[in-house]
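Biologist: I would like a close look at one part of this model, the open sheet and what is attached to it. Please take the strands, then the helices on them, then the charged contacts.

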Amino acid sequence: MNVLISVDMEGVSGIVHPAETNPDRYDYERGRALMTAEANAVIAGVLDAEPAADVLVADAHGPFRNLLPEQLARRARLVRGKPRPLGMLAGLDAVLLVGYHARAGAGPGVMTHTMSGDILDVRVDGRSLGEIGLNAALAGHTGVPVVLLSGDDAACAEFEELVPGAVTVAVKDALAAAAAVALHPEEARERLREAAAEAVGRRTRVSPLSIAGPLTVEVDLYSPVSVDLAMLVPGVSRAGGGRTVAFSATDFAEAYRLVLLLVQLASIKPG
(Lines give C-alpha, C1' and ligand atoms only; values in the text may rest on other atoms or scores of the structure.)
Protein backbone atom coordinates (compact mmCIF):
# COMPACT_ATOMS: atom_id res chain seq x y z
CA MET A 1 0.00 0.00 0.00
CA ASN A 2 1.20 3.51 -0.86
CA VAL A 3 0.28 6.26 1.60
CA LEU A 4 0.78 10.01 1.33
CA ILE A 5 0.94 12.10 4.52
CA SER A 6 0.69 15.84 3.82
CA VAL A 7 1.90 17.85 6.82
CA ASP A 8 1.02 21.48 7.44
CA MET A 9 2.06 23.40 10.54
CA GLU A 10 -0.67 25.70 11.87
CA GLY A 11 -2.80 22.77 13.04
CA VAL A 12 -0.09 21.09 15.13
CA SER A 13 -0.74 20.76 18.87
CA GLY A 14 0.87 23.55 20.88
CA ILE A 15 1.26 25.93 17.92
CA VAL A 16 -0.91 29.06 18.01
CA HIS A 17 1.15 31.98 16.67
CA PRO A 18 3.03 32.93 13.47
CA ALA A 19 6.22 33.25 15.54
CA GLU A 20 6.14 29.46 15.71
CA THR A 21 5.51 28.88 12.00
CA ASN A 22 7.64 31.43 10.12
CA PRO A 23 11.32 30.73 9.39
CA ASP A 24 12.40 34.25 10.32
CA ARG A 25 10.77 34.23 13.77
CA TYR A 26 12.25 33.32 17.11
CA ASP A 27 10.22 30.19 17.94
CA TYR A 28 10.27 28.54 14.51
CA GLU A 29 12.75 25.78 15.38
CA ARG A 30 10.47 24.63 18.19
CA GLY A 31 7.54 24.60 15.77
CA ARG A 32 9.52 22.49 13.29
CA ALA A 33 10.27 19.94 15.98
CA LEU A 34 6.60 19.70 17.01
CA MET A 35 5.57 19.35 13.37
CA THR A 36 8.08 16.57 12.73
CA ALA A 37 7.03 14.70 15.87
CA GLU A 38 3.36 14.69 14.80
CA ALA A 39 4.36 13.46 11.35
CA ASN A 40 6.27 10.61 12.99
CA ALA A 41 3.25 9.68 15.11
CA VAL A 42 1.11 9.38 11.99
CA ILE A 43 3.79 7.39 10.17
CA ALA A 44 3.88 4.98 13.11
CA GLY A 45 0.10 4.61 13.02
CA VAL A 46 0.10 3.87 9.30
CA LEU A 47 2.76 1.21 9.80
CA ASP A 48 0.84 -0.26 12.75
CA ALA A 49 -2.03 -0.93 10.35
CA GLU A 50 0.02 -1.72 7.23
CA PRO A 51 3.57 -2.78 8.18
CA ALA A 52 4.65 -3.05 4.54
CA ALA A 53 3.24 0.34 3.46
CA ASP A 54 5.33 2.69 1.34
CA VAL A 55 4.97 6.02 3.18
CA LEU A 56 5.59 9.32 1.41
CA VAL A 57 5.55 12.49 3.54
CA ALA A 58 4.92 15.84 1.80
CA ASP A 59 6.13 18.95 3.62
CA ALA A 60 3.15 21.26 3.00
CA HIS A 61 3.82 24.44 4.96
CA GLY A 62 5.17 27.76 3.71
CA PRO A 63 8.50 27.13 1.95
CA PHE A 64 7.87 23.33 2.03
CA ARG A 65 11.20 22.97 3.88
CA ASN A 66 10.10 22.70 7.51
CA LEU A 67 10.17 19.03 8.52
CA LEU A 68 13.52 17.99 9.97
CA PRO A 69 14.76 15.24 7.62
CA GLU A 70 17.16 13.72 10.12
CA GLN A 71 14.40 13.40 12.73
CA LEU A 72 11.76 11.96 10.41
CA ALA A 73 11.04 8.24 10.75
CA ARG A 74 13.45 6.25 8.57
CA ARG A 75 10.69 4.23 6.90
CA ALA A 76 9.26 7.34 5.26
CA ARG A 77 10.43 9.20 2.18
CA LEU A 78 10.23 13.01 2.30
CA VAL A 79 9.01 15.38 -0.42
CA ARG A 80 10.30 18.89 0.25
CA GLY A 81 10.88 22.12 -1.69
CA LYS A 82 8.80 24.10 -4.18
CA PRO A 83 7.35 24.67 -6.68
CA ARG A 84 6.01 21.20 -7.41
CA PRO A 85 3.14 20.11 -9.66
CA LEU A 86 0.69 18.98 -6.98
CA GLY A 87 1.52 21.58 -4.36
CA MET A 88 0.69 20.40 -0.87
CA LEU A 89 0.11 16.82 -2.01
CA ALA A 90 2.97 16.03 -4.40
CA GLY A 91 2.06 12.38 -4.77
CA LEU A 92 -1.14 10.39 -4.32
CA ASP A 93 -2.59 7.15 -2.98
CA ALA A 94 -4.45 7.07 0.33
CA VAL A 95 -4.01 10.57 1.78
CA LEU A 96 -3.74 11.81 5.38
CA LEU A 97 -3.71 15.55 6.16
CA VAL A 98 -1.82 16.42 9.36
CA GLY A 99 -1.57 19.79 11.11
CA TYR A 100 -4.08 21.51 8.81
CA HIS A 101 -6.07 24.70 9.49
CA ALA A 102 -9.44 26.11 8.51
CA ARG A 103 -9.98 28.25 5.41
CA ALA A 104 -9.68 32.03 5.20
CA GLY A 105 -12.69 33.70 6.77
CA ALA A 106 -13.62 30.74 8.98
CA GLY A 107 -13.47 30.94 12.70
CA PRO A 108 -12.70 31.05 15.35
CA GLY A 109 -9.73 29.08 14.08
CA VAL A 110 -5.99 29.16 14.65
CA MET A 111 -4.16 31.08 11.88
CA THR A 112 -6.92 30.53 9.32
CA HIS A 113 -5.96 31.29 5.71
CA THR A 114 -6.11 29.79 2.22
CA MET A 115 -2.68 29.09 0.73
CA SER A 116 -1.36 32.51 1.83
CA GLY A 117 -2.47 35.75 3.44
CA ASP A 118 -2.71 37.25 -0.05
CA ILE A 119 -5.73 35.07 -0.92
CA LEU A 120 -9.06 36.05 0.66
CA ASP A 121 -11.17 33.23 -0.79
CA VAL A 122 -11.28 30.54 -3.48
CA ARG A 123 -14.68 29.48 -4.81
CA VAL A 124 -15.20 26.52 -7.12
CA ASP A 125 -18.62 26.63 -8.78
CA GLY A 126 -19.64 29.00 -6.00
CA ARG A 127 -18.41 26.79 -3.14
CA SER A 128 -15.75 28.28 -0.88
CA LEU A 129 -12.79 25.93 -0.46
CA GLY A 130 -9.70 26.35 1.71
CA GLU A 131 -6.57 24.24 1.69
CA ILE A 132 -8.53 21.33 3.15
CA GLY A 133 -11.13 21.34 0.39
CA LEU A 134 -8.69 22.08 -2.42
CA ASN A 135 -6.38 19.22 -1.46
CA ALA A 136 -9.19 16.77 -0.74
CA ALA A 137 -10.73 17.53 -4.14
CA LEU A 138 -7.36 17.18 -5.90
CA ALA A 139 -6.96 13.75 -4.33
CA GLY A 140 -10.54 12.94 -5.28
CA HIS A 141 -9.83 13.92 -8.88
CA THR A 142 -7.61 10.83 -9.10
CA GLY A 143 -10.09 8.66 -7.19
CA VAL A 144 -8.12 8.75 -3.93
CA PRO A 145 -9.82 9.39 -0.57
CA VAL A 146 -8.47 11.58 2.21
CA VAL A 147 -8.96 9.29 5.20
CA LEU A 148 -7.67 11.45 8.06
CA LEU A 149 -7.27 15.08 9.04
CA SER A 150 -5.78 16.61 12.17
CA GLY A 151 -5.81 20.23 13.29
CA ASP A 152 -7.93 22.44 15.51
CA ASP A 153 -11.65 21.91 16.00
CA ALA A 154 -12.53 24.36 13.21
CA ALA A 155 -10.37 22.49 10.69
CA CYS A 156 -11.89 19.16 11.72
CA ALA A 157 -15.43 20.49 11.35
CA GLU A 158 -14.62 21.86 7.88
CA PHE A 159 -13.21 18.49 6.79
CA GLU A 160 -16.08 16.46 8.24
CA GLU A 161 -18.54 18.45 6.16
CA LEU A 162 -16.55 17.73 2.98
CA VAL A 163 -15.60 14.09 3.61
CA PRO A 164 -18.16 12.29 5.80
CA GLY A 165 -16.90 9.10 7.37
CA ALA A 166 -13.22 10.05 7.47
CA VAL A 167 -11.28 10.20 10.74
CA THR A 168 -10.46 13.52 12.44
CA VAL A 169 -8.23 14.38 15.38
CA ALA A 170 -8.74 17.76 17.04
CA VAL A 171 -5.43 18.40 18.81
CA LYS A 172 -6.61 21.82 20.04
CA ASP A 173 -9.76 23.90 20.42
CA ALA A 174 -9.46 27.35 18.86
CA LEU A 175 -10.20 30.38 21.03
CA ALA A 176 -9.07 32.99 18.49
CA ALA A 177 -6.69 33.43 15.58
CA ALA A 178 -3.66 33.10 17.86
CA ALA A 179 -5.05 31.30 20.91
CA ALA A 180 -6.20 27.76 21.64
CA VAL A 181 -6.59 25.14 24.33
CA ALA A 182 -4.21 22.39 23.17
CA LEU A 183 -3.57 18.80 24.09
CA HIS A 184 -0.16 18.00 25.51
CA PRO A 185 2.03 17.19 22.47
CA GLU A 186 2.62 13.61 23.65
CA GLU A 187 -1.13 13.06 24.13
CA ALA A 188 -1.76 14.49 20.66
CA ARG A 189 0.80 12.13 19.15
CA GLU A 190 -0.73 9.10 20.84
CA ARG A 191 -4.15 10.01 19.46
CA LEU A 192 -2.70 10.64 16.02
CA ARG A 193 -0.99 7.27 15.94
CA GLU A 194 -4.19 5.46 16.90
CA ALA A 195 -6.28 7.50 14.47
CA ALA A 196 -3.87 6.95 11.56
CA ALA A 197 -4.05 3.19 12.05
CA GLU A 198 -7.85 3.37 12.17
CA ALA A 199 -8.06 5.60 9.10
CA VAL A 200 -5.85 3.38 6.96
CA GLY A 201 -7.78 0.32 8.07
CA ARG A 202 -11.12 1.78 6.98
CA ARG A 203 -9.93 3.50 3.80
CA THR A 204 -12.23 1.51 1.53
CA ARG A 205 -15.24 2.97 3.34
CA VAL A 206 -14.33 6.61 2.67
CA SER A 207 -15.47 8.11 -0.62
CA PRO A 208 -13.15 10.50 -2.49
CA LEU A 209 -14.29 14.12 -2.72
CA SER A 210 -15.21 14.39 -6.39
CA ILE A 211 -15.88 17.75 -8.07
CA ALA A 212 -16.47 17.15 -11.76
CA GLY A 213 -15.54 19.62 -14.47
CA PRO A 214 -15.87 21.85 -16.30
CA LEU A 215 -15.44 24.30 -13.43
CA THR A 216 -15.76 28.01 -12.83
CA VAL A 217 -13.26 29.30 -10.28
CA GLU A 218 -13.25 32.69 -8.55
CA VAL A 219 -10.34 33.92 -6.43
CA ASP A 220 -10.49 36.97 -4.19
CA LEU A 221 -7.06 38.59 -3.93
CA TYR A 222 -5.95 40.90 -1.15
CA SER A 223 -4.13 43.39 -3.37
CA PRO A 224 -5.46 45.10 -6.50
CA VAL A 225 -1.90 44.83 -7.87
CA SER A 226 -2.25 41.06 -7.69
CA VAL A 227 -5.37 41.35 -9.84
CA ASP A 228 -3.38 43.35 -12.38
CA LEU A 229 -0.72 40.61 -12.49
CA ALA A 230 -3.37 37.92 -12.82
CA MET A 231 -4.66 39.64 -15.96
CA LEU A 232 -1.41 38.59 -17.66
CA VAL A 233 -2.45 34.94 -17.41
CA PRO A 234 -4.43 33.69 -20.45
CA GLY A 235 -8.01 32.82 -19.56
CA VAL A 236 -8.12 34.86 -16.34
CA SER A 237 -10.53 37.80 -16.21
CA ARG A 238 -11.79 40.32 -13.71
CA ALA A 239 -15.02 39.40 -11.97
CA GLY A 240 -17.27 41.33 -9.64
CA GLY A 241 -15.35 43.78 -7.47
CA GLY A 242 -11.83 45.04 -7.96
CA ARG A 243 -10.24 42.16 -6.03
CA THR A 244 -11.84 39.16 -7.73
CA VAL A 245 -10.57 37.20 -10.73
CA ALA A 246 -12.21 34.26 -12.47
CA PHE A 247 -11.28 31.49 -14.87
CA SER A 248 -12.66 28.24 -16.26
CA ALA A 249 -10.99 24.83 -15.94
CA THR A 250 -11.71 21.53 -17.63
CA ASP A 251 -11.09 19.56 -14.42
CA PHE A 252 -9.98 20.02 -10.83
CA ALA A 253 -6.29 19.35 -11.47
CA GLU A 254 -6.19 22.23 -13.96
CA ALA A 255 -8.05 24.49 -11.51
CA TYR A 256 -5.66 23.59 -8.69
CA ARG A 257 -2.56 24.39 -10.74
CA LEU A 258 -3.89 27.80 -11.73
CA VAL A 259 -4.78 28.61 -8.13
CA LEU A 260 -1.17 27.78 -7.19
CA LEU A 261 0.04 30.17 -9.88
CA LEU A 262 -2.22 32.96 -8.60
CA VAL A 263 -0.86 32.40 -5.10
CA GLN A 264 2.67 32.92 -6.40
CA LEU A 265 1.68 36.02 -8.38
CA ALA A 266 -0.02 37.45 -5.29
CA SER A 267 3.26 37.23 -3.39
CA ILE A 268 4.88 39.74 -5.76
CA LYS A 269 4.90 43.18 -4.21
CA PRO A 270 4.80 46.42 -6.27
CA GLY A 271 7.94 48.46 -6.73
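Modeller: The account below starts with the sheet and works outward.

The model is predicted. Take the strand order. Seven strands make up an open sheet, and they run β3-β2-β1-β4-β7-β8-β9. The pairing is mixed. At the edges sit β3 and β9 (179-182), each paired on one side only. On average, neighbouring strands of this sheet are turned by 25° against each other, direction ignored.

Now the β1 side. Strand β1 covers residues 2-7 and runs parallel to β2, with six bridges joining the two. Asn-2 has Asp-54 as its bridge partner in β2.

Asp-54 also has a side-chain contact. It forms a salt bridge with Arg-77, at 3.0 Å from N to O. This pair links distant parts of the chain: Arg-77 belongs to strand β3 (residues 76-79), Asp-54 to strand β2 (residues 54-59), and 23 residues separate them. Buried or exposed, or in between, for Arg-77? Arg-77 counts as partly exposed because its relative accessibility is 47%, between the 20% and 50% limits. Asp-54 is partly exposed too, with a relative accessible area of 30%.

Next, the helices on the sheet. Helix α3 (residues 153-162) lies across β4 (94-100), β7 (146-152) and β8 (167-176). Its direction is at about 155° to β7. Helix α4 (residues 185-201) packs on the sheet as well, where it touches β4, β7 and β8. The direction of α4 makes about 145° with that of β8.

Helix α2 (residues 131-141) also has contacts here. Ten of its eleven residues are buried, so the helix is mostly covered. Among the buried ones are Glu-131, Ile-132, Leu-134, Asn-135 and Leu-138. What do the buried residues of α2 pack against? They pack against β4, β5, β7, α3 and α6 (252-266). Just after α2 comes Gly-143, with a positive phi of about 85°.

Strand β5 leads to another charged pair. Arg-123 and Asp-220 meet in a salt bridge through their side chains, at 2.7 Å from N to O. Again the pair links distant parts of the chain: Arg-123 is in strand β5 (residues 119-124), Asp-220 is in strand β10 (residues 215-221), and they are 97 residues apart. Arg-123 counts as buried, at 17% relative accessibility. Asp-220 counts as buried at 15%. Salt bridges with shared partners join Asp-121, Arg-123, Glu-218 and Asp-220 into one network.

Strand β10 has a strand partner too. It runs antiparallel to β12, and six bridges join them. Val-219 has Val-245 as its bridge partner in β12. Strand β12 (residues 244-249) is mostly covered, with five of its six residues buried. Strand β11 (residues 237-238) also pairs with β12, in the antiparallel sense, over two bridges. Here Arg-238 has Val-245 as its partner in β12. Val-245 is thus named as the partner of Val-219 and of Arg-238. β11 and β12 form a hairpin with five residues between them. In its turn, Gly-240 has a positive phi of about 65°.

Two charge-over-ring contacts come next. Arg-243 lies over the face of Tyr-222, at 5.4 Å from the ring centre. Lys-82 has its charged end over the ring of Phe-64, 4.5 Å from the centre. How many aromatic pairs does a search of the whole structure find? The search finds zero.

Finally, a salt bridge within a helix. Glu-29 and Arg-32 form one, with their closest N and O atoms 3.3 Å apart. Both residues lie in helix α1 (residues 28-49), three residues apart, about one turn of the helix. Residues three or four places apart point the same way, because an α-helix has 3.6 residues a turn. The two partners differ in cover: Glu-29 counts as partly exposed at 47% relative accessibility, whereas Arg-32 is buried, with a relative accessible area of 13%. The structure holds 13 salt bridges, including Glu-29 with Arg-32, Arg-77 with Asp-54 and Arg-123 with Asp-220.

Terms used. Residues are numbered from 1 along each chain as its sequence is written. This is a predicted model: local features need pLDDT of at least 70, side-chain atom pairs count only at pLDDT 80 or more; totals for chains, interfaces and linings use all residues. Side-chain values use heavy atoms; hydrogens and water are left out. A salt bridge is a side-chain nitrogen of Lys or Arg within 4 Å of a carboxyl oxygen of Asp or Glu. Helices (H or I, at least four residues) and strands (E, at least two) are DSSP runs, numbered from the N terminus. Buried means under 20% relative accessible area, exposed over 50%, partly exposed in between (1.4 Å probe, protein chains only). Two strands pair if DSSP finds at least two bridges between them. Axes are lines fitted to C-alpha atoms, for helices over the stretch in contact, and angles run from 0 to 180 degrees between N-to-C directions. Contact means heavy atoms within 4.5 Å. Rings of Phe, Tyr and Trp (its six-membered ring) pair if their centres lie within 6.5 Å; planes under 30 degrees apart count as stacked, over 60 as edge-to-face and the rest as tilted. A charge sits over a ring if NZ of Lys or CZ of Arg is within 6 Å of the ring centre and within 35 degrees of the ring normal.
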